[in-house]
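The following exercises concern the structure shown below. Please attempt each task before reading its solution.

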Amino acid sequence: MTTPGTLPYASAASLSSPARKSPASPDRPGFWRAPFSGAGFREIAHTLTSLPVAIAGFTFAVTMVSLGAGLAVTVLGLPVLAVTLAAARGLGAAERARARGLLGLDVAGPEPVRRSQHAGWWSSMVTRLGDAAGWKALLFQIVMFPWRVAEFCVSLTLLVTGWTLALYPAYKWVFPRYVGWPGYRLYDYHSGGVHHAYYLSSSAQIAGASLLGLAIVFLTPQVVRAMTNVERAAVRSLLG
């Protein structure tokens with residue numbers, strides 16, 4: 001029973017701000033709209049930009065861990081590893097920002113490193129060396145390197161091949177006018193004194209190439225989505 005001027009009891013969740021759609025589960029465009037959607041372009045951008053990011057992160061991780069391990073026989077090895085783990089946390093924050101902006105995945109960062117109960121730089125360094133989040137962020141840079149190289153190659157190949165074939169009817173006139181070919185040349189070689197060549201020149205060949213290109217164009221976002229799902233899982237498990 002409530003008295004005048006008072007509000008009925010409500011839980012803290014009901015008094016919080018209105019619920020909003022989490023960036024971690026963005027609207028997934030349909031099959032026919034995916035090649036032309038902003039979400040699809042952002043996912044492709046993520047796979048293409050991941051290569052230079054992966055090279056930098058992998059090089060840093062391997063170099064610093066090797067340096068720290070090599071100097072572990074001296075006192076210098078531990079500070080090197082401590083600095084490496086601190087930097088790995090920064091790289092993890094940058095990766096979460098990329099995932100938030102390009103993949104629509106909003107993952108909260110790990111808890112800050114607990115302060116040492118004892119004063120002094122040695123205690124602080126030992127505490128930093130026990131930072132599980134830093135080690136996982138470092139592991140992320142190592143294990144994701146081969147995957148990101150693969151997804152870059154697959155994404156770029158599908159993207160270029162699909163649109164090149166799909167738009168072939170629009171630029172087929174270039175080959176006979178400026179190159180001297182009857183059409184796009186698939187191969188040209190000599191074997192046993194015989195010349196072998198094949199060109200896409202007839203109407204049926206041009207139409208077939210364009211249809212194949214359109215099929216690749218519409219399948220590309222699905223393949224990229226599957227590859228970026230691996231990215232999402234890695235960010236959640238290693239950087240969250």
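The expected span of a helix is 1.5 Å times one less than its number of residues. The model to which this is applied here is a predicted one.

**Exercise 1.** Determine what span H3 should have, and compare it with the separation of its end C-alpha atoms.

*Solution.* Helix H3 covers residues 77-102. Its 26 residues, at 1.5 Å a residue, should span 38 Å. The end C-alpha atoms are 37 Å apart, which agrees with that expectation. After H3 comes Gly 104, with a positive phi near 65°.

**Exercise 2.** Establish how H5 is oriented relative to H8.

*Solution.* The two axes lie 8 Å apart, and H5 and H8 pack at an angle of about 170°. Angles over 145 degrees count as roughly antiparallel, so H5 is roughly antiparallel to H8. The residues of this contact comprise 25 nonpolar, 7 polar and 4 charged.

**Exercise 3.** Identify which helices each supply at least two residues of the largest nonpolar core.

*Solution.* The core has 15 residues, and Ala 99, Leu 138 and Leu 239 are among those with the most contacts inside it. Helices H3, H5 (132-166) and H8 (203-239) each supply at least two of its residues. Another core, of 7 residues, lies apart from it and includes Tyr 168 and Phe 175.

**Exercise 4.** Decide whether Arg 225 counts as buried or exposed, and name its contacts beyond four places in sequence.

*Solution.* Arg 225 belongs to helix H8. Its relative accessibility is 12%; buried means under 20%, and therefore Arg 225 counts as buried. Beyond its sequence neighbours within four places, Arg 225 contacts Arg 28, Glu 43 and Arg 232.

How values were computed: Residues numbered from 1 in each chain as written. Predicted model: local features only at pLDDT ≥ 70, side-chain atom pairs only at ≥ 80, totals over all residues. Heavy atoms only, no water. Core = buried A, V, L, I, M, F, W, Y, C linked by side-chain atoms within 4.5 Å. Buried < 20%, exposed > 50% of the residue type's maximum accessible area, 1.4 Å probe, protein only. Helix = DSSP H or I, 4+ residues; strand = E, 2+ residues; numbered from the N terminus. Axes fitted to C-alpha atoms, helices over the stretch in contact; angles between N-to-C directions. Parallel < 35°, antiparallel > 145°, perpendicular 65-115°, else oblique. Nonpolar A, V, L, I, M, F, W, Y, C, P; charged D, E, K, R; others polar. Contact = heavy atoms within 4.5 Å.
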